[in-house]
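Student: I'm new to this one and would like a close look at a single part, the start of the chain. Please take me through it step by step, and tell me how it sits in the whole.

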Amino acid sequence: MKCHRIRKMISPYMDDRLGPAEKEGFISHIRGCAFCRKDLEETQSLGHLFASAERFHAPYGFATRVMANVQEREPSWLSRFFASRPLFLRVMGVAMVLIVSFIGLISGNVLVADKGAIQREANIQQALSLEVFQATPPDTIGAIYVTIMEVRDAT
């Protein structure tokens, strides 16, 4: 296995989420690669540091106060910009954005469109049309059979 793949497997290895074959390949690579082994050791020591950290409990009502502060927060500059404008100007701004976008799409399609490619595609479709092919070309056994059957059906 390559080192970049092994580095991506460090966390699943520590969480014991690797299959038996992956785990065996991971361990054999770690034994032979000092750089990946160092990365694994650093990640493990960081994990132990977090696991041994003292846990603190949030005071009662902390989440409620945080959510209340979030709701009372000052509006963004964008919402202040649109809120301070009359409705007519807001509608006109949106209309201008839509018009400019539409013009950009149309002009982009005109610039990108290859007229020759469209004509070549039409020619290919016409050449592959079923009307070009005859069901039974003349001077073939199939044509003779069809002719015999048509004569028999006519009588």
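Tutor: Let's settle one word before we start: a residue is called buried when its relative accessible area is under 20%, and exposed when that area is over 50%, using a 1.4 Å probe and counting protein chains only. Keep in mind, too, that this is a predicted model.

With that cut-off, 8% of the chain's 155 residues count as buried. The chain exposes about 13,800 Å², and carbon and sulfur atoms supply 64% of that area. As for the overall build, there are eight helices and zero strands, so if you read along the sequence you simply get α-α-α-α-α-α-α-α. Take the contacts between residues at least 6 apart in sequence: 38% of them join residues at least 24 apart.

Now for your part, beginning with helix 1, which covers residues 3-14. You can do a little check on this helix: at 1.5 Å a residue, its 12 residues should span 16 Å, and the end C-alpha atoms turn out to be 17 Å apart, which agrees. The buried residues here are Ile-6, Met-9, Ile-10 and Pro-12. What do they pack against? Helix 2 and helix 3 are the partners of these buried residues.

Just past helix 1 comes Asp-16, sitting in the loop that leads from helix 1 to helix 2. Its phi is near 60 degrees, a positive value in a residue that isn't glycine. Is Asp-16 buried or exposed? With a relative accessible area of 55%, Asp-16 is over the 50% cut-off, so it is exposed.

Next, look at how helix 2 (residues 20-32) meets helix 3 (residues 34-52): their axes are 6 Å apart and the packing angle is about 110 degrees. Angles from 65 to 115 degrees count as roughly perpendicular, and therefore that is the label for helix 2 and helix 3. On the helix 2 side, the contact uses Phe-26, His-29, Ile-30, Arg-31 and Gly-32, while helix 3 brings Ala-34, Cys-36, Arg-37 and Leu-40. Sorted by type, the residues of this contact come out as five nonpolar, two polar and two charged.

Two residues from that contact deserve a closer look. His-29 belongs to helix 2, and its relative accessibility is 15%, so it counts as buried. If you set aside neighbours within four places in sequence, His-29 touches Met-1, Lys-2, Cys-3, Ile-6 and Cys-36. Notice Ile-6 in that list: you met it already as one of the buried residues of helix 1.

Leu-40 is in helix 3 and counts as buried because its relative accessibility is 7%. With neighbours within four places again left out, Leu-40 is in contact with Ile-10, Tyr-13, Met-14, Phe-26 and Ile-30. Among these, Ile-10 is another buried residue of helix 1, while Phe-26 and Ile-30 come from helix 2. Tyr-13 is 27 residues away from Leu-40 in sequence, and their C-alpha atoms are 9.4 Å apart in space.

So that's your corner: buried residues of helix 1 packing against helix 2 and helix 3, with those two helices roughly perpendicular to each other.

Terms used
Residues are numbered from 1 along each chain as its sequence is written. This is a predicted model: local features need pLDDT of at least 70, side-chain atom pairs count only at pLDDT 80 or more; totals for chains, interfaces and linings use all residues. Side-chain values use heavy atoms; hydrogens and water are left out. Helices (H or I, at least four residues) and strands (E, at least two) are DSSP runs, numbered from the N terminus. Contact means heavy atoms within 4.5 Å. Accessible areas come from the Shrake-Rupley method with a 1.4 Å probe; for residues, only the protein chains shown count as cover. Axes are lines fitted to C-alpha atoms, for helices over the stretch in contact, and angles run from 0 to 180 degrees between N-to-C directions. Angles under 35 degrees count as roughly parallel, over 145 as roughly antiparallel, 65 to 115 as roughly perpendicular and the rest as oblique. Ala, Val, Leu, Ile, Met, Phe, Trp, Tyr, Cys and Pro count as nonpolar, Asp, Glu, Lys and Arg as charged, and the others, Gly among them, as polar. The expected span of a helix is 1.5 Å times one less than its number of residues.
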